[in-house]
Amino acid sequence: MASPFLLLLLLIPLGLLIAFLVLSFLTRPKSVRVPIKNRHVLITGGSSGIGLALAKAVAAEGAFVSILARNLKRLEEAREEIKLATGHEARVLVADVRDPEAVTQALEEAGPVDVLVCNQGVFVPMELEKQELEEAKFMIDVNLMGTFHLIKAALPGMKRRTRETQLPASIAIMSSQAGQVGIYGYTAYSASKFALRGLAEALQQEVIADNIHVSMIFPPDTATPGLAEEQKKRPELTNIVVGSSGEMKAEDVVKKALRGLKEGRFIIPCNFEGAMLAIATAGLSPQRSSVTALLEVLGAGLMRFVALCFQWNWYSAIENWHAKR
C-alpha cells in the first residue's frame with residue numbers, strides 16, 4: 001500500500017496542475033483574429049528576402065501593400081515582382097529608418113496602417129574587440145532605433161483606424177533567434193535584437209487597450225541574399241557554433257509569421273528549435289494560448305536542461321578551437 005507521504009508527493013503537482021488549468025481557463029485572453037484582406041499592410045525591408053516574400057503573401061490575400069526601404073531601384077523591382085506574382089500593385093516608400101523625419105514623412109504619405117511589419121535589419125558579424133564602433137552603432141540604429149521611429153510614426157494613425165473600424169491591428173517586429181540567445185561573433189547584433197524584446201513587451205501593455213497586438217517573430221538563418229553575404233564575413237568560431245542550425249526558406253518563415261500574426265501571438269517561432277527557445281526564454285512575456293502556457297510551465301525545466309547541454313557544447317567547441325591555436 002502506498003504511503004501517505006508518497007500520495008502527498010503525487011497529489012501536490014496534480015493539484016497545482018488542476019489549479020493552473022482552472023486559472024488559465026478563467027483568465028485566458030479573448031481569442032483574436034487580425035484580418036488581412038482589404039487592410040493596409042506596411043512592410044519595411046520589403047524589397048527583398050523575408051519582406052518581399054511577406055509582401056507577396058499578404059497581397060495574394062487581398063491586402064493593400066506598402067513596402068518601405070532605402071533603395072528606390074530595388075523597391076521598383078520588388079513592386080514589379082509582387083504584381084507579377086499576385087496581380088496587385090504595391091506602393092513603394094523610400095526612407096532610411098534611421099531618420100525619424102523621413103520615416104514620419106513616409107508614413108504620412110502612406111496613410112493609416114492596419115498591420116505594421118518592422119522587418120528592416122542589418123548584420124555585420126564580428127568579435128566586439130575587432131569590430132568598429134560605427135558598425136555596432138549602425139546595427140543598433142537600423143535594427144532598434146529604426147523600429148522605434150516606425151512604431152512612433154505609425155501609432156496615432158493605427159489607433160484611429162482601430163476605433164473607426166473596430167478591427168484589431170498588429171505591430172509585428174522581426175527579430176532573430178540571435179535575439180533569444182547570444183552567439184559568438186553576434187555581440188552587437190544580438191544586443192540590437194534582444195532590445196526589441198523589451199520594447200515589444202512594454203509596448204504591448206501600452207497599446208492593448210487600443211486593440212493593437214504586438215508580435216515578435218524569431219526566424220533562424222533564412223536563405224536570403226543578406227545571409228549569403230553574412231556567411232562570407234562570419235568568424236570561423238561563429239560557423240562552428242551555429243553550424244548545427246539549419247536554414248529556412250523565406251517563404252516558409254512567412255507562412256509561420258503570417259499565421260502567428262493573424263492569431264495575435266506575441267512570440268512567433270519559425271521552426272522546432274525556435275519553439276524550444278520560445279519555451280526556454282518565455283519569462284514574463286504575454287501568452288494568449290492556455291495550451292502553450294501549460295507547455296511553457298511544464299517544459300521550462302526540461303528546456304533549461306537542453307539549453308545547458310547546448311551551452312556546454314558551444315563552450316567546449318570554443319575551448320577546443322583556442323587550444324588548437
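## Lys-193 and its surroundings

Let's start with a lysine: Lys-193 has its place in helix H6. Is this residue buried or exposed? Lys-193 counts as buried because its relative accessible area is 3%, and the cut-off for buried is under 20%. Please keep in mind that this is a predicted model.

Leaving aside residues up to four places away in sequence, Lys-193 touches Gln-120, Asn-143, Met-174, Ser-175, Ser-176, Ala-178 and Gly-179. One of these, Asn-143, belongs to helix H5 and is among the residues that meet H6. Another, Met-174, is in the range of strand E5, residues 169-174.

## The chain as a whole

Stepping back, the protein chain holds eleven helices and nine strands. Of its 325 residues, 46% count as buried. Taking contacts between residues at least 6 apart in sequence, 72% join residues at least 24 apart.

## How H5 and H6 pack

Two packed helices are described by the angle between their axes and the distance between the axes. For helix H5 (residues 133-165) and H6, the angle is about 15° and the axes are 8 Å apart. H5 is therefore roughly parallel to H6, as angles under 35 degrees count that way. The crossing of this pair is right-handed.

Which residues meet across this pair? From H5 come Ala-136, Met-139, Ile-140, Asn-143, Leu-144, Thr-147, Phe-148, Ile-151 and Leu-155. On the H6 side they meet Ala-188, Tyr-189, Ser-192, Lys-193, Ala-195, Leu-196, Leu-199, Leu-203 and Val-207. Our opening residue, Lys-193, is thus part of the H6 list.

## The seven-stranded sheet

Strands of a sheet pair through backbone hydrogen bonds, either parallel or antiparallel. Here, seven strands form an open sheet with parallel pairing, and their order is E3-E2-E1-E4-E5-E6-E9. Strand E3 (91-94) and E9 stand at the edges; each has a single partner strand, so one side of each is left without a neighbour in the sheet. On average, neighbouring strands of this sheet are turned by 20° against each other, direction ignored.

At the E3 edge, strand E2 (residues 64-69) pairs with E3 in the parallel sense over four bridges, and Leu-68 stands opposite Leu-93 in E3. Helix H9 (residues 250-262) packs on the sheet, where it touches strand E4 (115-118), E5, E6 and E9. The direction of H9 makes about 155° with that of E9.

## Strand E6, covered on both faces

Strand E6 has E5 and E9 on either side in the sheet order. With E5, E6 pairs in the parallel sense over six bridges, and Val-214 in E6 is the bridge partner of Ile-171. E5, H6 and E6 together make a right-handed β-α-β unit. With strand E9 (residues 267-269), E6 pairs in the parallel sense over three bridges; there, Phe-218 stands opposite Pro-269 in E9.

In a regular strand the side chains alternate between the two faces of the sheet. How many residues of E6 are buried? Seven of its seven residues are, so the strand is mostly covered. One side carries Ile-212, Val-214, Met-216 and Phe-218, while the other carries His-213, Ser-215 and Ile-217.

## Two asparagines with positive phi

Just before E6 you will find Asn-211, in the loop between helix H6 (187-207) and strand E6 (212-218). Although Asn-211 is not a glycine, its phi is positive, at about 65°. Asn-211 is partly exposed because its relative accessible area is 28%.

Asn-38 also has a positive phi without being a glycine, with a value near 60°. Asn-38 is in the loop between helix H1 (4-27) and strand E1 (40-44). With 48% relative accessibility, Asn-38 counts as partly exposed, because exposed would need over 50%.

## Leu-237 in helix H8

A last stop is Leu-237, which lies in helix H8 (residues 236-242). Leu-237 is buried, with a relative accessible area of 1%. Not counting residues up to four places away in sequence, Leu-237 touches Tyr-184, Ala-317, Ile-318, Trp-321 and His-322. What separates Leu-237 from Ile-183 in sequence and in space? The two are 54 residues apart along the chain, and their C-alpha atoms are 9.7 Å apart.

Key:
Residues are numbered from 1 along each chain as its sequence is written. This is a predicted model: local features need pLDDT of at least 70, side-chain atom pairs count only at pLDDT 80 or more; totals for chains, interfaces and linings use all residues. Side-chain values use heavy atoms; hydrogens and water are left out. Buried means under 20% relative accessible area, exposed over 50%, partly exposed in between (1.4 Å probe, protein chains only). Two strands pair if DSSP finds at least two bridges between them. A crossover is right-handed if, with the strands pointing away from the viewer, the path from the first strand over the helix to the second runs clockwise. Axes are lines fitted to C-alpha atoms, for helices over the stretch in contact, and angles run from 0 to 180 degrees between N-to-C directions. Angles under 35 degrees count as roughly parallel, over 145 as roughly antiparallel, 65 to 115 as roughly perpendicular and the rest as oblique. A crossing is left-handed if the near helix is turned anticlockwise from the far one by less than a right angle, and right-handed if clockwise. Contact means heavy atoms within 4.5 Å.
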